[in-house]
Amino acid sequence: MVGVEIDLVVTDSLKALELYENIFEIERIEVSDLPKGTNEAVFTLYGVRFHMLDENPEFQLIAPSQDDPKTIWFNVSVPDIKETYTKAMSLGCTEIQPVTDLPDYGVSNAIFMDSFGYVWMLHQIHKVVSHEERIRLWEEKRNH
C-alpha cells in the first residue's frame, strides 16, 4: 500500500474529530476510545487522509496552541464557503480572515484557527482561472 497521510497532534483527538465533523464532511476510518493521551482518529476529508493523535509528551507528541500555532495550515476547497465558515465560527473557531471574494481570480477564501491551534484556509472556486491568468493579474496589480 502506498499513499500520503497528514498526521497532526491535538490535545484531544476525539474532541477535535467532533469539531471537524461539525464543520466538514468527514469520513471516519478508525477512531479509538481509550484514555485521553492515548487516542487517535483516522479520517478522510474530500479524499485526503488525516491521522490525529492525542498530545502525549512522553512520546514527544506536542500539540500546537492558540498562543503557539505552527506554520502549517490546511487549505480546503468547499462547495459553500459561507456555510462552512459560519459553522466554524459558531463552534468557537477564531477568525483570521473573513470570507473574502476575489472575483478576478474566480475564488472566495477565508481563514480561521480552531481551538486546537490549527489554521484552516477555505476556498470556494467559482470559475477556473488559469495559472498564467492569475500571474498576469498579480503582476498587473503589483505594477499599479
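**Rings, core and odd angles**

Author: Let's start with a cluster: ring pairs link Tyr20, Phe24, Phe43, Phe50, Phe74, Tyr118 and Trp120. Keep in mind that this is a predicted model.

Reader: What makes Phe50 and Phe74 an edge-to-face pair?

Author: A search of the whole structure turns up nine aromatic pairs, and Phe50 with Phe74 is one of them, at 5.4 Å centre to centre and 70° between the planes. Ring centres have to lie within 6.5 Å, and planes over 60 degrees apart count as edge-to-face, so the pair passes on both counts.

Reader: How do you know that this pair links distant parts of the chain?

Author: Look at where the two rings sit: Phe50 belongs to strand E4 and Phe74 to strand E5, 24 residues apart. Both residues are buried, too.

Reader: Which residues touch the most other members of the largest nonpolar core?

Author: That core has 27 residues, and the ones touching the most other members are Tyr20, Phe24, Met52, Phe112 and Trp120. Several elements each supply at least two of the core's residues, including strand E1 (5–10), strand E4 (48–54) and helix H2 (81–90). H1 gives the most, with five residues.

Reader: And what does Phe24 touch, apart from its neighbours within four places in sequence?

Author: Phe24 is in contact with Leu45, Val76, Val78, Thr84, Phe112, Trp120 and Leu122.

Reader: Why is Ser13 called buried?

Author: Ser13, in helix H1, has a relative accessibility of 0%. Buried means under 20%, so Ser13 fits the label. Not counting residues up to four places away in sequence, Ser13 touches Asn39, Glu40, Ala41, Met52, Leu53 and Asp54.

Reader: Then why is Lys87 called partly exposed?

Author: Lys87 is in helix H2, and its relative accessible area is 30%. The in-between class runs from 20% to 50%, so Lys87 lands there. Leaving aside neighbours within four places in sequence, Lys87 is in contact with Asn22 and Ile23.

Reader: How do you know that Lys87 is not in contact with Ile125, or how far apart are they?

Author: I can give you the spacing: Lys87 and Ile125 are 38 residues apart in sequence and 19 Å apart in space, C-alpha to C-alpha.

Reader: What makes the phi of Tyr46 worth pointing out?

Author: Most residues other than glycine have a negative phi. Tyr46 is not a glycine, yet its phi is positive, about 50°. You'll find Tyr46 in the loop between E3 and E4. With a relative accessible area of 42%, Tyr46 falls between 20% and 50%, so we call it partly exposed.

Reader: Why does Gln60 count as exposed?

Author: Gln60 comes out at 65% relative accessibility. Exposed means over 50%, so the label follows. Gln60 sits in the loop between E4 and E5, and it has a positive phi of about 60° although it is not a glycine.

Reader: Zooming out, what pattern does the chain follow?

Author: Read along the sequence, the pattern is β-α-β-β-β-β-α-β-β-β-α, which gives three helices and eight strands. Of the 144 residues, 39% are buried.

Technical notes
Residues are numbered from 1 along each chain as its sequence is written. This is a predicted model: local features need pLDDT of at least 70, side-chain atom pairs count only at pLDDT 80 or more; totals for chains, interfaces and linings use all residues. Side-chain values use heavy atoms; hydrogens and water are left out. A nonpolar core is a set of buried Ala, Val, Leu, Ile, Met, Phe, Trp, Tyr and Cys residues joined through side-chain atoms within 4.5 Å. Buried means under 20% relative accessible area, exposed over 50%, partly exposed in between (1.4 Å probe, protein chains only). Helices (H or I, at least four residues) and strands (E, at least two) are DSSP runs, numbered from the N terminus. Contact means heavy atoms within 4.5 Å. Rings of Phe, Tyr and Trp (its six-membered ring) pair if their centres lie within 6.5 Å; planes under 30 degrees apart count as stacked, over 60 as edge-to-face and the rest as tilted.
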